[in-house]
Amino acid sequence: MTTDAPPPAGSRDLGPDRLTTERFVEVQDSAEFAELRRAHRSFAFPLTAAFILWYLLYVLLSNYAGGFMGTRLLGNVNVAFALGLAQFATTFLIAWFYSRHAAGKLDPRADAIKSRMEEGA
């Protein structure tokens, strides 16, 4: 679907005639892009694996260690409830930690690659 509306103010014409497949492949094969991928993977993969293991531990404890999970900590709060809340806290902590990592290390590199790609187009 095409429109006759002008492009938004401040946008650049990066149509198919300016950014080619070859240019994308060239950038993808660059050492700078490989470093960006490495920085992302070295952070995301270990943290993802750790969170999955943490979640599976919670599930396994819930299924096979009912006595332990039913141990009361404070009033009606038991170990299962505390670990369940810790799952939520861990999720938000990982999201916050990744946001800081991306803003500090990934975004500047990605922006530099993008600007060079657009300049060379």
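His101 is placed in helix H4, which covers residues 79-120. In this predicted model, His101 counts as buried because its relative accessibility of 14% falls under the 20% cut-off. Not counting residues up to four places away in sequence, His101 touches Ala39, Phe43 and Leu106.

Two of these contact partners, Ala39 and Phe43, also appear among the buried residues of helix H2, together with Leu36, Ala44 and Tyr58. Helix H2 spans residues 31-64 and contains 34 residues. From the first C-alpha to the last, helix H2 reaches 48 Å, close to the 50 Å expected at 1.5 Å a residue. An α-helix has 3.6 residues a turn, so residues three or four places apart point the same way.

Tyr58 of this buried set is also touched by Met69, a residue of helix H3 (residues 66-69). Leaving aside residues up to four places away in sequence, Met69 further touches Leu61, Ser62, Asn78, Val79, Ala80 and Leu83. Met69 and Phe81 are twelve residues apart in sequence, and their C-alpha atoms are 8.2 Å apart in space.

Arg23 belongs to helix H1, residues 21-28. Neighbours within four places in sequence aside, Arg23 is in contact with Arg116 and Met117.

The relative accessible areas of the three residues are as follows.

| Residue | Helix | Relative accessible area |
|---|---|---|
| Arg23 | H1 (residues 21-28) | 18%, buried |
| Met69 | H3 (residues 66-69) | 4%, buried |
| His101 | H4 (residues 79-120) | 14%, buried |

Key:
Residues numbered from 1 in each chain as written. Predicted model: local features only at pLDDT ≥ 70, side-chain atom pairs only at ≥ 80, totals over all residues. Heavy atoms only, no water. Helix = DSSP H or I, 4+ residues; strand = E, 2+ residues; numbered from the N terminus. Buried < 20%, exposed > 50% of the residue type's maximum accessible area, 1.4 Å probe, protein only. Contact = heavy atoms within 4.5 Å. Expected span 1.5 Å × (residues − 1).
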